[in-house]
Each structure stands twice: as C-alpha cells, then as structure tokens.
Amino acid sequence: MLQVDNKTLNSWERLRDSDIYFSFIKSPTAIVSSVILLIIFFCSFFVEFVTPHNPFDPASLSLMEAFTPPSWTEDGMAKFILGTDGQGRDMLSTILYGSRISLIVGFSAIIFSLILGVSLGLTAGYFGGKYEMIVMRLTDVQLTVPSILMALLVDGIARGIISREMHDEMAIYVLIFAIGISEWPQFARVSRAATLVEKNKDYVSASSIIGVSNLLIMFKHILPNIMRPILVIGTIGLALAIIAESTLSFLGVGVPPTTPSLGTLIRLGNDFLFSGEWWITFFPAIFLVILAFSINLLGDWMRDTLNPRLKK
Amino acid sequence: MKFKNFIKIFFAILFVFVSTHSYAKTIKWSMQGDSLTLDPHAQNEGPTTQVSRQVYEALVTRGLDMSIEPQLATDWKTTDPNTWVFNLRKGVKFSDGTDMTAKDVVFSILRAKQPTSDFKEYISTISDVKEIDNYTVQVSTSKPNPILLNQLSNIFIMSKKWSIDFGATVSQNWDGGEETFSATNAMGTGPFKITLREPNTKTVFERNSNWWGSMKDNSLSEIHLLPIKNSATRVAALLSGEVDLVTDAPVQDLARIGNSADHEVVSTAQMRTIFLGMDQAADKLRSGNTGDNPFKKKEVRQALYQAIDIEAIKKKVMRGLSEPAGIITFPGVNGYTQDLDKRLPYDVDAAKKLLADAGYPKGFDVELRCPNDRYVNDEAICTAVVGMLGKIGVNVNLFAQTKSKHFKELKEDKGDFYMLGWGVPTLDSHYVFHYLYESGASWNKVNFSNSEVDAAIRVMEGEVDLDKRNAAIANAWKIVKDDISYLPLHHQVISWATKKNVDVPIRPNNEPLFRFASFK
C-alpha cells in the first residue's frame with residue numbers, strides 16, 4: 001500500500017502529506033522563526049544586491065557622515081536607516097555583511113563538528129570495545145574543557161604558527177576549526193547512543209548476515225535512522241556556533257575588523273556606548289539575538305516533532 | 001567587665017578606621033598603555049617616562065608650569081661655553097637608603113650615552129662628565145649647547161652601586177628584545193618606589209620614605225597604575241570608582257564623564273604632534289605592488305597629504321579636540337610659527353592629478369602601520385586615513401597593533417608607511433630635527449637626508465647667538481616642509497578625567513606629578 005502511494009505522489013506532495021509538514025503549519029513559532037531565518041539568509045548571502053551601500057568600498061564612504069543616528073531620529077538621514085558607524089559606514093549594510101560572515105563560520109563549524117562527531121560516535125557505537133572506550137573518554141575530556149576556552153586555545157596556537165601576513169586570511173578557517181573542535185562531543189555522544197539502539201535491530205543483523213560490509217551498514221543503513229536527533233542538536237548547535245563566533249570576535253580573537261562579523265561590530269560599537277551613539281553596538285547585538293533566537297526556536301520545534309516520545 | 005571589653009573593641013575598631021582614613025590614601029591611575037620598560041634609559045617614550053619620573057629624578061626638572069627648576073642639582077654655572085659645573089643637592093638618598101653622590105651622576109649620564117640607550121641622541125653633545133668632589137660634577141660639551149639643561153631634565157639618575165649589584169650597568173637593549181633586572185625593577189631618588197610590577201596589569205608605587213623633598217599632600221601613600229586598553233572599559237572603571245585618574249580620557253566620552261556628579265574633566269593642548277611617515281629610501285615598498293617606491297616622488301607624498309581631510313578627522317574622530325598641524329611641532333616650542341603650521345588645502349581632485357602626474361594613475365597598494373594603544377584614537381585616525389586614501393585609488397591595508405610591537409618593528413625598519421607622534425620635551429625645534437630629520441637618526445624612519453638640514457642641526461647645537469640659531473631653525477623647517485617628508489596630522493589635545501576629590505594638576509606633556517597631587 002505504501003509503495004503504491006510513493007509512486008503516485010511526487011516529492012512535494014509527499015512532504016505535504018508528512019507529519020513534519022503538518023506539525024509545521026500547526027506551529028506559529030516554527031513558521032515565524034523560519035520566515036525570519038529565510039529573510040536573514042537571503043539578505044546575507046545576496047547582500048551585494050540587497051543593500052545600496054558597500055561599506056567596504058572606501059570611495060563611497062564619507063567620514064563627515066560618521067555617527068549619523070538612525071533615520072527616524074532627529075539628526076538621522078533617510079539613506080542610512082539604522083545610522084552609520086564611526087567611519088561613516090551604513091549600519092544596515094555592515095550588519096548584513098557581518099551576518100554573512102557569522103553564518104558562514106557558524107554553518108562551516110557545525111558541519112565540521114557534525115562530520116567529526118558523527119563519524120566517531122557512529123563507529124564507536126557500532127564497533128564497541130576498546131575503541132569505543134577511547135572515543136567516549138575522549139569526548140568526556142573534551143566536554144570538561146569549556147568551548148570558549150578551547151577555541152581561544154586553538155586561536156592562540158594558530159597565531160603562533162601562522163605568520164601575521166597570513167593570519168588575517170586564515171582567521172576565518174582558524175575560527176571554524178576552533179569552534180568545530182569544541183562542539184563535536186555532543187554529536188559523538190548522541191550518535192553513539194542512537195547507534196547502540198539501532199545496531200541490535202533486525203535490519204542490521206539481516207544486512208550483516210547477507211554479508212554487507214560494516215562501512216555500508218553504518219553509513220547507509222544506521223546513519224539515516226539516527227539522523228533525527230543529530231539534526232536537532234545540529235540546529236541548536238548552529239545557534240551556539242554563531243554565538244561562539246561572536247564571542248570570540250568580541251574578545252578580539254575572531255575575524256579581523258577589516259571584514260567584521262557581528263561580534264566584531266558589537267566590539268567596535270562598544271567604545272561608543274558611553275558617548276550616546278548606542279545604535280553602533282545595539283543593532284548588531286539585537287540582530288545577533290534575533291538570529292540566534294530564531295534558530296533556537298526552530299530547533300526546539302524540530303526536537304518536539306522529531307522525537308517520537310514527546311509526541312502526544 | 002563585658003562592657004569594658006566592648007569599649008576596648010569599639011575603640012580598636014574606631015582607631016583602625018580613623019587611622020586608615022587619614023593616612024593611607026591611594027590614587028588609582030589608568031591609561032590605555034603601560035610603561036614599556038622600567039629601565040630609565042632604554043626607551044624614550046611618553047608613558048615610559050611618565051612612570052620613571054615618579055621613581056627617578058634628574059639634575060634639573062620641569063615644574064608644573066613647565067619651566068626648568070633645580071632637582072638633584074641645586075645650582076650650576078658655565079665656566080666656559082663648553083663646560084658646566086653642577087653642585088649637587090646634599091643629603092639626597094636613594095630609596096634603599098644609600099647616599100646619592102657625584103659618582104652616581106657620572107655613572108648615569110655615561111650610561112645614557114651607551115649605544116643601547118635610547119637617550120644617546122638626547123645628550124650627544126656631552127663629551128665628558130667628571131666628578132670634581134662628592135657633590136660637584138663637571139659636564140663638558142663638544143660645542144656650546146644652549147639647550148643642555150632642557151636635555152638633562154630627561155636624563156634620570158640611577159644608583160651606581162645598585163646597578164653594579166644587579167648587573168644593570170648597561171642600558172637595556174629594548175630594541176633587541178633584551179630582558180634585564182633594571183627593566184622590571186626601579187630604584188631611584190624620587191618620591192616613590194615601585195613595590196609591585198606586573199607589566200600591562202598593575203604597578204604599585206609606594207612612598208619613598210627617604211625622599212628629600214616634601215609632598216603636597218602627605219596622606220597620599222600609594223599610586224596604583226592600572227592600564228586598561230579598551231576605552232569603554234577604562235571609562236566604566238572611572239565611573240564606577242575603580243580608578244581615580246585617567247590621563248587619556250577618550251574624547252567620545254568626555255561629555256558623559258563631565259555629566260557625572262563625582263567626576264570632572266580637564267583638557268589642555270598637549271605637546272605632541274601626530275603624523276604619518278613614508279619610507280623614501282627603500283627601492284621597493286615591502287607591502288607595495290608596483291615594484292618601486294612611489295614615496296620617493298614628492299608628488300605622491302603631496303597627493304597623500306592633500307587627500308587627507310583633517311577637518312573631518314578633527315570633527316568626527318577627535319570630536320573637535322585636536323588642532324590640525326602643518327609641521328611636526330606645536331605652539332610653545334622655539335622655532336614654531338603659525339605660518340609654518342598652515343596646511344596644504346584638502347583637495348581630492350588635485351591629489352588625483354598629482355598621483356597621475358607621478359605615474360600612478362591607478363594608485364598603488366601599501367600597508368599602514370599604526371599603534372592601537374598609544375595616541376588619542378590612533379587606530380580610528382588610521383582607519384579614517386585608509387578610507388580617504390582609498391578615494392584617490394591608494395589601496396591601504398591597515399595593520400594596527402599594540403605600541404610595544406609597533407615601535408619595535410618600526411625600529412627594525414619594517415614599515416613603509418606608519419603613524420607616529422612626537423612630543424618635544426626640550427621645547428626646542430632641535431629635538432625634532434635631531435630625531436626625525438637628521439640623516440640616519442634613530443627615529444628618522446622615512447630616511448630623510450638633506451645636507452643643508454644636517455648643517456642647520458649642527459648650527460642649532462653649537463650656536464650661542466640666538467638670532468643666527470633661530471634663522472637656522474626657520475630655514476630647516478622651510479626645507480622639510482616644502483619637501484613633505486612627513487604627513488603632519490594634528491596637535492593632540494589631552495583630557496584628564498578624575499574623581500572630584502582627587503586633584504592631580506594636568507600638564508601639557510601629559511606627565512602627572514604625583515608629588516603635587518592632593519585630596520579635596
């Protein structure tokens with residue numbers, strides 16, 4: 001019966017028929033947060049076409065326009081909706097350029113730690129024995145080191161190794177590695193636990209009996225079945241990674257001010273907090289909050305939907 | 001019985017409170033950077049001297065009004081134009097209790113003349129120092145030196161015995177990255193001694209009980225220097241009462257601090273000019289893309305000059321607290337005139353044309369090196385300059401770093417294009433020429449060389465006829481101004497912010513003198 005359905009329905013109709021879709025349209029939080037995220041993703045990745053200003057083209061900047069307040073205030077200018085920073089850069093454009101960097105770093109870091117963590121956790125759960133013990137103790141050790149400290153350490157070592165000329169170019173990769181390396185134990189733990197459950201099921205034994213290789217069993221048969229919890233922590237991990245990136249940039253060890261991310265913008269604006277130019281730090285900060293909050297809400301909804309035990 | 005005990009305890013507690021209140025008062029002082037080294041001869045840099053000045057003293061010194069006053073020398077006379085005899089103050093003790101004598105003075109002046117000393121140019125005209133008796137020193141110069149006293153006011157006197165005991169007889173080689181005992185310890189005749197030194201974190205100065213002079217306010221017992229690099233954090237620390245004095249209050253926060261009922265702000269024109277230097281000697285820019293050195297051409301230097309909108313920097317970056325400069329010296333220095341201080345007009349079109357005429361119609365790439373914790377809004381000024389030069393096609397890559405690295409790498413000839421600020425402690429133009437323009441001078445990193453200017457510098461050093469000497473200064477300024485060897489930016493205005501109950505007189509060289517500090 002199921003097979004017949006699959007053949008007659010195309011993928012869109014299949015999606016529309018699914019539990020997930022049903023739960024999605026029933027959840028206003030999920031809809032609102034994903035719409036916000038879609039807008040942010042679109043504006044960030046197509047920022048060149050969305051914003052009228054390129055804040056990194058010195059020819060278009062005028063220092064005399066620096067510290068212009070948001071357009072709705074008394075001294076605001078219509079062309080700078082959210083005002084300008086201390087160099088006369090349009091805040092809105094700068095924020096969108098910055099959020100692109102934050103998103104790239106966040107996504108890359110979470111994919112990096114997902115691949116690393118899932119490979120280790122899956123193999124550990126599947127093979128067991130001493131290998132499993134070593135991997136799991138490794139995650140325990142990793143979990144005792146706070147992720148910001150870990151990222152600071154990696155960045156510090158990278159600064160020692162990489163020459164200064166290279167550092168600015170390499171900064172973004174160092175950051176991805178630093179955040180990724182501090183987040184992988186979550187994935188390793190969850191995927192190991194899920195694998196332990198899955199590997200005793202009949203389909204795994206069956207494949208094993210007919211001689212399917214271990215690698216194929218793990219990645220073709222078990223992996224799709226443990227994807228749900230991984231996707232949930234992946235989504236929440238994305239928000240954490242973006243915040244970690246901002247924290248590191250705020251501390252001055254992240255991306256350089258020449259290509260500011262959200263954290264760098266907040267740090268630069270921090271200098272003007274006392275002098276009343278609140279918009280320079282406020283808007284990047286509020287943008288970061290909205291971004292991380294939306295991702296978290298979406299993650300929460302995914303957890304509720306994908307976890308069969310939470311279903312009513 | 002119980003009641004008696006209670007009374008005792010009550011009086012004990014009362015005594016503790018009363019005594020601590022009236023005797024132990026501390027001033028917590030903050031600025032963005034720290035002293036680079038405690039060795040008084042190793043680094044000629046503002047904050048370094050500011051710290052050394054609390055611990056060490058010189059033969060003569062500048063008072064609150066910046067005039068020369070006796071310090072370790074009580075009086076002096078010139079026996080002939082090349083010979084000075086100084087009578088030393090008797091009864092002066094170092095903070096370890098040993099007497100200060102002529103031996104220490106001779107030792108210190110010779111120490112400051114060593115090749116590793118950063119003050120050797122300061123006193124290059126001193127040819128010999130002799131001890132006549134325990135309290136008389138004779139200083140000989142190679143030629144008549146009208147500004148010897150000005151120069152000696154920055155040569156700090158160390159203890160010969162202490163230096164020998166701790167292996168500090170040679171000035172620390174700061175440029176070479178040497179670490180010495182004298183770089184982390186200080187022992188002088190001044191009003192304070194350093195009891196704790198954590199570079200870039202905390203330095204504790206305690207009263208030197210052996211000091212010969214008298215404090216304005218005897219209740220001041222300690223100074224804590226707490227450098228805070230981030231300007232917002234520094235202001236927050238001041239407003240929350242964590243520090244009492246900030247000697248480089250950020251210009252953007254002066255209004256906020258002034259509005260506080262417990263704080264006040266004082267500003268004064270500082271004796272310091274901020275400028276950009278361009279290496280004109282290298283055949284090829286280290287960070288360039290044209291394969292040659294565009295800075296060799298005056299047209300290029302002028303194009304950069306005219307592309308900088310200094311009024312915009314004054315208004316937006318400095319919030320009005322700067323004075324645009326035409327030369328690297330400021331009102332009050334011998335040789336300064338308002339006429340010299342006029343700038344070339346800001347003119348982007350003219351700059352573009354000059355650049356095209358010089359053969360760089362598309363501009364070129366260069367790296368601008370800046371400190372980020374030395375001058376008022378240094379990094380922000382550099383960022384603004386990067387944007388302005390971008391408009392004429394010069395693609396500038398900004399490299400801002402902490403001052404200790406910035407200065408060190410500058411001395412290692414690593415910079416093509418850099419920011420520097422210059423104060424003139426001697427209040428005479430000679431100091432500027434001797435360090436910034438003389439062929440091969442230690443801070444002449446633009447590698448300017450002009451025989452006429454070099455000759456004029458010799459005149460400044462040896463000419464006692466003031467009219468002739470001033471004519472030489474005026475001529476030298478005209479030559480270097482026409483050549484556009486540097487890009488002058490502005491004279492700095494400094495602002496000190498204090499708690500209302502703390503009074504530390506502001507001085508145009510930005511040096512607090514805590515012996516004149518008092519509590520209200």
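In strand S10 of chain B, Glu222(B) is the bridge partner of Thr26(B). This pairing belongs to a predicted model, for which the predictor reports an ipTM of 0.74 and a pTM of 0.82 for the complex. The points below treat confidence, strand pairing, an enclosed helix, the contact between the chains, and a helix pair in chain A.

**Confidence in chain B**
- Chain B has a mean pLDDT of 91, with 97% of its residues at 70 or more.
- Within chain B, helix H1 (residues 2–23) has the lowest confidence, a mean of 62, whereas strand S11 (residues 245–246) has the highest, at 96.
- Predicted coordinates should not be read in detail where pLDDT is low.

**Strand pairing in chain B**
- Strand S1 (residues 25–30) of chain B pairs with strand S10 (residues 220–225) of chain B in the parallel sense, over 5 bridges.
- S1(B) is also joined to S11(B) by 2 bridges, and these two strands run parallel.
- In the pairing with S11(B), Ser30(B) stands opposite Val246(B).

**An enclosed helix in chain B**
- Helix H9 (residues 298–307) of chain B is largely enclosed by the rest of the structure, because 7 of its 10 residues are buried.
- The buried residues of H9(B) are Val300(B), Arg301(B), Ala303(B), Leu304(B), Tyr305(B), Gln306(B) and Ala307(B).
- These buried residues pack against two strands of chain B, S12 (263–278) and S17 (486–499), and against two helices of chain B, H11 (348–357) and H12 (378–390).

**Contact between chains A and B**
- In the contact between the chains, 18 residues of chain B meet 15 residues of chain A.
- On the side of chain B that touches chain A, the elements giving two or more residues are helices H7 (231–239), H8 (254–259), H10 (310–317) and H12 of chain B.
- H12(B) gives the most to this side, with 6 residues.
- By character, the residues of chain B on this side are 8 nonpolar, 5 polar and 5 charged.
- H12(B) thus appears in two settings: it is packed against by buried residues of H9(B), and it contributes to the side of chain B that touches chain A.

**A helix pair in chain A**
- Helix H6 (residues 91–127) and helix H11 (residues 214–250) of chain A pack at an angle of about 145°, and their axes are 8 Å apart.
- The crossing of H6(A) and H11(A) is right-handed.
- Residues of H6(A) in this contact include Val105(A), Gly106(A), Ile110(A) and Leu114(A), while those of H11(A) include Ile230(A), Gly234(A), Gly237(A) and Leu238(A).
- The residues of the contact of H6(A) with H11(A) comprise 15 nonpolar, 6 polar and 1 charged.

Conventions
Residues numbered from 1 in each chain as written. Chains lettered and ligands numbered in written order. Predicted model: local features only at pLDDT ≥ 70, side-chain atom pairs only at ≥ 80, totals over all residues. pLDDT = per-residue confidence, 0-100. Helix = DSSP H or I, 4+ residues; strand = E, 2+ residues; numbered from the N terminus. Buried ≥ 20, exposed ≤ 12 C-beta atoms within 10 Å, placed from the backbone. Contact = placed C-beta atoms within 7 Å. Pairing = 2+ DSSP bridges. Nonpolar A, V, L, I, M, F, W, Y, C, P; charged D, E, K, R; others polar. Axes fitted to C-alpha atoms, helices over the stretch in contact; angles between N-to-C directions. Left-handed = near helix turned anticlockwise from the far one by under 90°.
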